[in-house]
Amino acid sequence: MKKAYYYFSKVEEFLACLMLMSVVTLVFASALFRTAGHPLNWASDVAQLLFAWSIFFGVDLSMREKSLIKVDMLLQKLPVKTRKYLQILWQIVIIVFLISLIVYGIPLCINSIDRKFSNMNLSYSWATASVPVGSILLTITSVMNLVKMFRSEDGTYAEEGGKDLC
């Protein structure tokens with residue numbers, strides 16, 4: 001199971017990086033072509049779609065690697081046991097929020113089926129599907145982090161800081 005999750009994480013990392021690089025390339029190419037008088041009308045729609053998905057993949061990777069920005073100046077002044085319980089409580093709040101994104105994201109995705117991107121004949125549901133799918137991935141990561149927090153003495157779940165992803 002750990003090996004499968006490891007490979008899944010690598011695929012997710014590759015997709016997140018590929019999507020982010022594609023967004024940058026599309027926006028840059030679109031600006032160049034617009035300046036040359038030949039706008040790529042579809043490029044902004046594809047960039048928007050890829051950006052929506054890359055956000056959730058990137059956040060999941062950041063949460064897994066513990067590389068999200070945090071301000072823990074006050075938290076560090078608390079006793080270790082109190083800090084652990086506060087971090088566990090915060091992780092539970094995050095999981096509840098992610099479950100609400102799944103619950104409300106699925107109807108949003110369904111309601112967006114008939115809506116099309118402005119310059120493509122593609123359903124906007126492909127973009128809105130990133131919310132429930134990404135939230136499911138984040139919930140899995142958050143539950144895994146919560147288990148690690150319970151098992152640790154100080155409430156941490158990974159090495160400090162992340163690694164360079166892209």
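In this predicted model, K10 counts as partly exposed, at 34% relative accessibility. Its salt-bridge partner is E13, with the closest N and O atoms 3.8 Å apart. E13 is buried, with a relative accessible area of 14%; the cut-off for burial is under 20%. The two residues are three apart in helix α1 and are therefore separated by about one helical turn.

A search of the whole structure finds three salt bridges. Another pairs E12 with R64, the closest N and O atoms being 2.6 Å apart. E12 lies in helix α1 and R64 in helix α2, so this pair ties together parts that are 52 residues apart in sequence. R64 also forms a salt bridge with D60, at 2.8 Å between the closest N and O atoms. D60 and R64 both lie in helix α2, four residues apart, about one turn of the helix. E12 and R64 are both buried, and D60 is buried too. E12, D60 and R64 are thus linked in a network of salt bridges.

D60 and R64 also belong to the α2 side of the contact with α6. Other α2 residues in this contact include W53, F56, F57 and M63. On α6 they meet residues including V131, L137, L138 and N145. By class, the contact has ten nonpolar, six polar and two charged residues. The two helices pack at an angle of about 0°, with their axes 9 Å apart. With angles under 35 degrees counting as roughly parallel, α2 and α6 are therefore roughly parallel to each other.

Helix α6 spans residues 130–151 and reaches 31 Å from its first C-alpha to its last, close to the 32 Å expected. Its buried residues include L137, L138, L146 and M149. The cover over the buried residues of α6 includes α1, α2, α4 and α5.

Definitions and conventions: Residues numbered from 1 in each chain as written. Predicted model: local features only at pLDDT ≥ 70, side-chain atom pairs only at ≥ 80, totals over all residues. Heavy atoms only, no water. Expected span 1.5 Å × (residues − 1). Buried < 20%, exposed > 50% of the residue type's maximum accessible area, 1.4 Å probe, protein only. Contact = heavy atoms within 4.5 Å. Axes fitted to C-alpha atoms, helices over the stretch in contact; angles between N-to-C directions. Parallel < 35°, antiparallel > 145°, perpendicular 65-115°, else oblique. Nonpolar A, V, L, I, M, F, W, Y, C, P; charged D, E, K, R; others polar. Salt bridge = Lys/Arg side-chain N within 4 Å of Asp/Glu carboxyl O.
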